[in-house]
Each structure stands twice: as structure tokens, then as C-alpha cells.
Amino acid sequence: MIGTLVKTFWQSTIINGRSFLTHDLAERQKRSKLLIHIFYFITLVTSIQVFASPSQFPEWNSILDSARLFAPIWSVGFLPVEYWETCVQIILLSFLTCSFLGVVWWDKSRLVRVAVFLSMFFYVSLISSFGKIDHVTHMMMLSLFLLIFLPNEDQTDAAKAEYLKVIFGIQTLVLLSYFTSGFFKFYGILDQELAGLNSALSPDSMAQNLSKTSFAHSKEYFFSSFVLDNSSFVFSLLLIVGYCVELFSIYIIFKPQLHKIWGLLLIGLHAGILLSVGPNFHFQIITVGIFLLFSPFGEGHITSIFSTSFLANSKESMGAKKKNEFIVYYDGECLMCNRFLQFISKFALPSEMRICKIQSDRFQQVLADHPDLAAVDSIIVVEKREEGAFIRIKASAVLWVLAKMTKGYALLNFGHRLAPYLGNSIYDLVAANRTKTDPDNCPIPPEGIRKVLVN
Amino acid sequence: MNKNFTYYFIPAFILLYFVIAALPIVGILKGEFFPFFSFKLYSKIPNDFSAYDLLIYRGDGEEKFLLHQNSHLDALRRKGFKRQVNLLGSQFEKTNSLGSVDYSEFVSMGDSVFLVKLSGDYIQAVKHDDYQMTVLKKLK
């Protein structure tokens with residue numbers, strides 16, 4: 001089961017028959033390397049900031065003077081407090097030294113990448129050991145952790161693909177974090193509304209958030225007085241928009257063409273938080289900027305999104321009326337595929353639909369053009385569009401075909417498109433346990449299907 | 001795609017990250033487990049508040065709180081003091097005594113030091129400095 005879910009995860013990167021982790025390898029790996037160079041450079045700058053004043057980090061001399069306030073979390077519980085100053089100095093200087101090494105040798109030695117991660121990990125552990133965990137550097141630190149798993153050599157195609165996998169892993173972690181955060185904020189609304197408390201739907205919700213941080217830190221923020229003096233549902237709406245940007249981050253994971261625009265939206269969200277509610281997440285902004293705004297998988301200028309994704313989607317909606325011809329490729333030796341054909345034969349089949357076995361020469365041609373499909377064990381739908389073939393696989397293919405036949409499935413298909421990983425996982429889990437039949441003993445497709453069968 | 005270490009490790013790590021982050025949410029862990037962010041934090045809009053603080057009087061007539069409106073505190077001390085004051089306050093409200101909690105550092109901060117509880121509405125507190133203060137115990 002775990003193997004199947006892992007397979008689904010990686011195969012979800014196949015868009016229109018091509019995985020965005022396996023094509024343009026040289027160019028994308030080159031871009032990834034540049035991004036990682038910059039990321040290690042920013043880590044170095046961060047480690048220097050540890051000694052700066054003012055900085056977002058606690059002042060170094062303040063840490064040295066605070067042995068009495070030290071309430072160690074698990075990762076620094078071993079520090080001998082009797083040698084407090086020496087320990088603190090070692091942690092601070094290690095972070096700086098390892099970050100210098102990281103800028104120079106990150107691509108040559110895994111040991112150096114481990115050292116950079118550990119040095120930052122211990123530093124953040126240290127400053128989180130005074131009663132409150134410091135969250136602002138979490139994503140940066142976890143990205144450094146995943147970068148440990150980059151290959152040391154980068155000449156082969158396999159190594160280049162590894163680079164892209166690690167970058168994609170970081171993007172997934174970042175986007176899922178935002179999604180989870182957004183999910184719990186909507187849960188918070190429900191919980192507070194049911195309890196009869198003020199929630200984000202209340203006109204003074206932003207003012208409440210703002211005054212909480214303002215009260216806790218005795219600070220005023222850029223829009224503090226404006227928000228406090230003007231209680232309005234507009235602020236509530238802005239909060240909800242922010243929550244939606246977080247929540248829909250899950251939709252972006254397997255949509256590389258949206259990485260850049262979503263990176264920009266998330267950075268805008270943090271800017272809005274800083275101006276209104278206060279917390280400064282600039283380390284998070286840097287991580288989002290490097291791995292999403294400059295995503296190696298996003299193609300073209302950021303504004304090209306309007307011509308590639310949004311318009312493509314509207315074209316797709318129009319395409320439903322346009323009735324492009326499409327071919328459903330199914331495994332002739334699979335009982336599940338045959339049952340699917342029996343099921344759809346109960347409906348009036350669209351005139352533009354054709355059906356073909358994957359054991360056919362026609363499908364071999366599709367495979368030749370899209371080699372990533374070779375490992376995909378699924379019904380495959382190839383739609384002929386003016387701009388070229390458009391390929392759907394797994395649950396996306398099945399639901400798209402069903403949505404063509406009955407409106408009930410159109411709604412399900414819409415829901416599936418928001419988070420395709422879930423539907424595709426269910427598809428793969430069922431497919432992994434399906435029954436294969438003898439090639440010489442395949443069920444005969446129903447009559448309605450035989451009419452649209454092609455070789 | 002090559003089925004090497006990262007093929008399995010990256011999705012497994014991401015899954016593990018969210019499972020561990022969810023442990024405090026479902027109540028298996030008491031608090032947040034570093035470095036796994038508990039996503040339920042900051043998910044609700046604050047309503048009324050109550051917070052422990054220390055009210056410090058000095059001989060020169062100066063009266064100030066240790067935490068509230070004290071802009072001279074750096075972030076580290078604010079966190080550390082807040083933790084200690086919360087320990088004092090919760091210990092006192094539970095047992096009506098301060099037990100073994102060490103507060104000697106605070107006693108030296110002024111001529112008279114009171115453990116207090118501030119409560120009210122955040123907006124009113126910030127806009128009009130309007131909140132209720134209850135003295136829990138005189139520390140010095």
C-alpha cells in the first residue's frame with residue numbers, strides 16, 4: 001500500500017503525459033543549482049544576522065546573559081548549563097562557520113550540507129528554549145534538511161532527476177504546510193461559530209488578531225490604528241481571502257505552471273500579515289521566493305499564467321461543447337477496465353469517443369511520444385485538441401469520461417481536480433489489487449463499446 | 001523514475017512531518033514537538049484574554065508591569081519572563097501558593113512586586129488601555 005501511494009505521489013507529476021521532473025532535465029537542474037546556491041548564500045547571511053543588532057534573532061549577548069531563563073527543548077537538553085557561555089558561543093560560531101562552508105561546498109559534500117542543517121537546527125533549538133518555540137525559520141531549516149539528500153554528482157540524467165525530486169519535495173512540504181495551516185483556520189471558524197464566539201467572520205476579527213500581538217509585544221504595526229478605528233467586514237473578508245490562499249496551496253503542488261503566481265500570492269500574504277497583524281516571516285518569504293516564485297518547473301514569465309493556465313481551463317470548459325475527439329485506452333487484460341467499459345456502455349456514448357486497447361499499435365505510438373506513460377498502470381484518455389493531444393490518466397481520466405456522460409459525475413470531477421492526489425491514490429490502490437485475466441480469455445466488450453472500438 | 005532512496009524518503013518524510021505535527025492536535029503530545037509546527041496554533045480569533053504579569057513599584061514612585069507595555073524587554077527576555085510568570089500564576093491559582101517556583105529574580109526588580117492577572121478584551125486593552133487587573137499575591 002505504501003509503495004502504491006509513493007508511486008501515485010511521483011506519477012502525479014505527470015501532466016499531459018509528461019512528468020515535469022523528467023523533461024528539460026539539464027536546463028531545470030541548472031536553474032535548481034542556481035536557486036540552491038542562492039539559498040545557501042541566504043543561509044550564510046542569516047547566520048551572520050545572529051551577531052547583528054538589531055536583527056530578528058535574539059541578540060547574542062542577550063543569550064549569553066540568559067542562562068537562568070533557559071528551558072531547554074529536547075534537542076538542546078544535553079547542554080551543560082555550567083558551561084553556558086562556551087556552549088552558546090560554540091553553537092553561534094558553528095552556525096556561522098558551517099554556513100560559510102555551505103556556500104562553498106554544498107554541491108560537493110553531503111557532510112557539509114548535514115553540518116549546515118545541524119548547525120542551524122541547534123541554533124534554532126537554542127533560541128526556542130526560552131519558553132516559546134521560534135517558528136519563523138522552520139521552513140528554511142526543513143528545506144536545508146531535504147537538501148542533504150541531493151546527489152553529490154550531477155552529470156547523469158538520474159542525478160539531474162534527483163535534484164529536481166528534492167526541489168519538488170521542498171515545494172510540496174512548503175505548500176502542504178500552508179494548506180494545513182489554512183485548513184485549521186477554517187476549522188477554527190467552524191469551531192468558534194458553533195461555540196458562539198467571535199470568529200474570522202466577525203467584523204473585528206482582524207482588529208482582535210492585531211491587538212493580541214500588539215498587546216503581547218507592546219508594539220504598533222503599520223495599519224494598527226486604521227484597522228482598530230475601522231471595524232469592517234472588509235477586514236474579515238481579507239482574512240478569509242488569506243485563509244483561502246493558504247488552503248488552496250494543496251491545489252498548486254502538482255500544477256507547476258501555478259508555482260510562480262502562488263509564490264507571489266503567499267509572499268503578498270506575508271506582507272499583509274506584517275503590515276496588519278505584525279509577525280515578521282521574512283525567512284519564510286525567502287524560502288517561498290526561492291522555491292516557488294523562482295520555481296524551476298514554472299515556464300515563461302509570471303504573467304504567462306493567464307494565457308497558459310486560466311485560459312487553458314476556460315478553453316477546456318469550452319472544449320466540452322466543442323466536442324474534441326478522444327480515445328480511451330484501456331488494458332484489455334484487466335477485468336477492472338472491462339467492468340468500466342461495461343459501466344459506461346449503460347450511458348449514451350458521446351459521438352467523439354473512441355476506445356482502444358493499450359495492447360494496440362496505436363497506443364505504442366502514444367508511448368513513443370510520451371515515455372513517462374510506460375510506468376503508468378491506468379486507463380489513459382487522449383483528447384485531440386487543436387494545439388495537440390491532451391492526456392489524462394487514472395482517476396482524472398475516468399472521471400473526465402464519466403463527466404462527459406452524466407452531470408452527476410461532472411461535480412465529482414470538479415472536486416477531484418482540486419486535489420487529484422486523493423482520487424488518483426484511490427485509483428492506484430484499487431488498480432494494485434485488481435484481477436488480471438488471461439490475454440486469450442478477455443471478456444468481450446459490450447455491443448455499445450464494440451461500435452466505438454478502434455485498433 | 002529511478003526507485004532510489006529519495007523516491008521513498010521524500011514522500012515518507014513529508015507524511016511523517018504532518019503526522020508528527022498532528023500529534024499535539026489529537027492530544028497524543030502535550031505541546032508542540034520541535035521542529036514540527038503544530039498547525040492548530042493561531043487558527044482561532046482571540047476573544048477575551050487573561051494573562052499573568054508582575055506589577056513592580058520602585059522607590060522613585062515608578063509603577064510598571066514586567067511584560068505589558070514594557071518595550072525595553074528584548075524578545076528573549078520577554079519569552080523567558082513570560083514563561084516564568086505563567087508558571088507562577090498557574091501554580092498560584094491551582095494551589096493558592098507559589099510552591100517551589102523560584103521568583104527571586106523578580107523580587108529584586110522593585111521595592112514592591114505583585115503577581116497580577118490582567119483580563120479583558122484585546123481591542124479595548126490596546127485602544128483605550130482598558131482592562132481588569134486582579135492582584136493575586138504580593139511577592140515583595
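Does F222(A) count as buried or exposed? With 11 C-beta neighbours inside 10 Å, F222(A) falls in the exposed class, because a residue with 12 or fewer such neighbours is exposed. Welcome to this structure, which is a predicted model. The points below visit the surroundings of F222(A), then a helix of chain A, and last the contact between chains A and B.

**Around F222(A)**
- You will find F222(A) in a loop of chain A, between α8 (205–217) and α9 (224–229).
- G278(A) lies 56 residues away from F222(A) along the chain, yet their C-alpha atoms are separated by 8.4 Å.

**Helix α6 of chain A**
- Helix α6 covers residues 138–147 of chain A, and nine of its ten residues are buried, so the rest of the structure largely encloses it.
- Among the buried residues of α6(A) are H138(A), M139(A), M140(A), F145(A) and L147(A).
- Packed against the buried residues of α6(A) are four helices of chain A: α2 (25–49), α5 (110–127), α7 (157–194) and α13 (282–293).

**Where chains A and B touch**
- Chain A gives 58 residues to the contact, and chain B gives 40 residues.
- On the chain B side, the elements that supply two or more residues are α1 (5–26), α2 (75–95) and α4 (122–128) of chain B.
- The largest share of that side comes from α1(B), with nine residues.
- Sorted by class, the side of chain B that touches chain A holds 21 nonpolar, nine polar and ten charged residues.

Technical notes
Residues are numbered from 1 along each chain as its sequence is written. Chains are lettered from A and ligands numbered from 1 in the order in which they are written. This is a predicted model: local features need pLDDT of at least 70, side-chain atom pairs count only at pLDDT 80 or more; totals for chains, interfaces and linings use all residues. Two residues are in contact if their C-beta atoms, placed from the backbone, lie within 7 Å. Ala, Val, Leu, Ile, Met, Phe, Trp, Tyr, Cys and Pro count as nonpolar, Asp, Glu, Lys and Arg as charged, and the others, Gly among them, as polar. A residue is buried if 20 or more other C-beta atoms lie within 10 Å of its own, exposed if 12 or fewer, and partly exposed in between; C-beta atoms are placed from the backbone.
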